[in-house]
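Student: Could we go through this model and check each label against its cut-off? I'd like to see the reasoning, not just the verdicts.

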Amino acid sequence: MNAPLRRVGVVVMVLFGLLFANLNWIQAYKADEYRNSDYNGRVQVAEYERRRGNIEAGGTAVATSKETGGKLKFQRSYPAGTKYAHVLGYKPVNLGDTGIERLENDFLAGTSDALLGNRIKDMFTGDESGGGNVLLSISKRAQDTAYEQLRNNRNGVKKGAAIAIDPRTGAVQALVSMPSFDPNPLVDHDTNAASAAYNKYEQDPDGPLKNRALSETLPPGSTFKIVIAAAALENGVGKDTEIPAGPTWTPPTSGTEIRNAAASICPEAQVTLMDAVTESCNTGFAQLGVRLGADTVKEKARQFGFEQDDLSVGQLGEGGLPVAASRTGDMQNPDGGTDPAALAQSSIGQNNVRMTPLQGALIAGSVANKGRQMRPYLVKQLLGPDRTTSYYNAQPRELRQPVSGQVADDLRDMMVSVVKNGTGRSADIEGYTVGGKTGTAQSAPDRPDHGWFIGFALDKNGNAVSAVCVELEQAGSGGSAEAARIGGKIMQAAIADAGGR
């Protein structure tokens, strides 16, 4: 055999070897993945043989299945349309599923190991017992209120988010992202129509598919001052201790003045920490942050939950809806040392500080719950197809304790003062003690500011009943006051659903 033929033979043998190796790889390692792929037509038909279980909120089914009489026997339906979209997600024929539909897919579809007994029984009876049911922690009144108040906010804002939690348990009481989307067209059995609907949402510049409550971060503005106040309380500053303030302050090495939002805000040379929080004193907190130092500020933020990359919200101890990490960002100069100007801006929630609305609610919840931050969850219970057997019940778990009970008490007093005497008055709820912190955050030089509110409500016994964060993107003047008003309405609805007034 001459050399050219020998080389060709070697190449052919190598190619056959690679083909053989790939075949074995597919058969030995990839078989299950291909067998269970969303794009496997036989799997799709089999999946629609069994009625999918309901997803429920407050005793109302918000995701159901109805018979079609077609090849795919059941059609998924979302009766509330856009209202629960970012919680439920969707279960389409030809697209990837999302939200609770994805997280609890096996249980809803009836293929979970937990439901093996039902499937064995069906083999003898010939029945199709259907999938299990997922009961959410969502308060129906709070969700309805959050959705309607965000959609019809007085500032005409199109983008924003609201999330409320029970500070004692971590149960998510409401989760709304605006703009929302209707998941019903995405589960159409006409796959061309479903794909067209998805492409329309995906190409919408307002990003309706984004879950702004969990996966989007923005500068939090003055709501971040609660983190700075917590660090100060742990480093020798009391709530009645006077700190430097004044109408303006220029950080060392910077020619840019930091000003307060209005001339009437802490023009004195010194104010108490209590007054600095109540009035939202930029100059006071900028100086306080520089005095504490970047390491102290970043560490206290981390203890509240910033920089956490692995948080999700679903079942406790299981995977859930992904949550973007909140960040404190860079506070260094080019030489690697601390940049006082950057630290000063960060201390009032600007510079590179970024926060999710969930993180804001967790901060408020920690303060309300005597310093204990509970792990947030959405799935309250899993019920079998017959609704008599429970396969999972949420058991609250502590996530962390960012501050001591004493520091939490001081922060609580200061946040209550914000609602009684400061910028958060519109969050007040009659018969309950409400605390909060508003925030106005710069977005871009040519765009309106973002409006924020984080807050909590306590009953007459001092027990925390709800904590909330509302974010209105590019809300402009009065955005934080409107966020506070909406926050109060959401908490009031959560209280009413729980049997309060």
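Tutor: Sure, we'll take the helices, the core and the salt bridges in turn. Keep in mind that this is a predicted model.

Student: Let's start with helix H9 (residues 225-233). Why is H9 said to be largely enclosed by the rest of the structure?

Tutor: Nine of the nine residues of H9 are buried, so the rest of the structure largely encloses this helix. The buried residues include Lys225, Ile228 and Leu233. For "buried", the relative accessible area has to be under 20%.

Student: What makes H9 oblique to H15?

Tutor: H9 and helix H15 (residues 405-421) pack at an angle of about 135°, and their axes are 10 Å apart. Roughly perpendicular covers 65 to 115 degrees and roughly antiparallel needs over 145. An angle of about 135° fits neither range, so the pair counts as oblique. The crossing of these two helices is right-handed.

Student: Which residues of H9 and H15 make the contact?

Tutor: On the H9 side they are Ile226, Ala229, Ala230 and Leu233. H15 brings in Val407, Asp410, Leu411, Met414 and Met415.

Student: What does H9 give to the largest nonpolar core?

Tutor: Eight residues, which is the largest share of that core. The core has 103 residues, and among those touching the most other members are Leu411, Phe285 and Leu273. Leaving out residues up to four places away in sequence, Phe285 touches Lys225, Ile228, Ala229, Leu273, Ala276, Val277, Ser347 and Ile348. Another core, of 30 residues, lies apart from the largest one and includes Met178 and Phe453.

Student: Now the charged pairs. How do you know that Lys83 and Asp144 form a salt bridge?

Tutor: Their side chains come to 3.4 Å, N to O. The cut-off is within 4 Å, so the pair qualifies. Lys83 sits in the loop between strand S3 (74-77) and helix H3 (85-88), while Asp144 is in helix H7 (residues 140-151), so the bridge ties together parts 61 residues apart in sequence.

Student: What makes Arg141 and Asp497 a link between distant parts of the chain?

Tutor: Arg141 belongs to helix H7 and Asp497 to helix H16 (residues 479-497), 356 residues apart. Their closest N and O atoms are 3.6 Å apart, and the limit is 4 Å, so this is a salt bridge too.

Student: Why are Arg141 and Asp497 called partly exposed?

Tutor: Arg141 has a relative accessible area of 46%, and Asp497 has 35%. Partly exposed lies between the 20% and 50% limits, so both fit.

Student: Glu482 and Arg485 pair up as well. Are they buried or exposed?

Tutor: Buried. Glu482 is at 4% relative accessibility and Arg485 at 10%, and the cut-off is under 20%. Their closest N and O atoms are 2.9 Å apart, so they form a salt bridge. Being three residues apart in helix H16, they are separated by about one helical turn.

Student: How many salt bridges does the structure hold?

Tutor: There are 23. Arg52, Arg76 and Glu101 are linked in a network of salt bridges.

Student: One last label: why does Met123 count as exposed?

Tutor: Met123, in helix H6 (residues 116-125), has 68% relative accessibility. Exposed means over 50%, so Met123 earns the label.

Terms used
Residues are numbered from 1 along each chain as its sequence is written. This is a predicted model: local features need pLDDT of at least 70, side-chain atom pairs count only at pLDDT 80 or more; totals for chains, interfaces and linings use all residues. Side-chain values use heavy atoms; hydrogens and water are left out. A nonpolar core is a set of buried Ala, Val, Leu, Ile, Met, Phe, Trp, Tyr and Cys residues joined through side-chain atoms within 4.5 Å. Buried means under 20% relative accessible area, exposed over 50%, partly exposed in between (1.4 Å probe, protein chains only). Helices (H or I, at least four residues) and strands (E, at least two) are DSSP runs, numbered from the N terminus. Contact means heavy atoms within 4.5 Å. Axes are lines fitted to C-alpha atoms, for helices over the stretch in contact, and angles run from 0 to 180 degrees between N-to-C directions. A crossing is left-handed if the near helix is turned anticlockwise from the far one by less than a right angle, and right-handed if clockwise.
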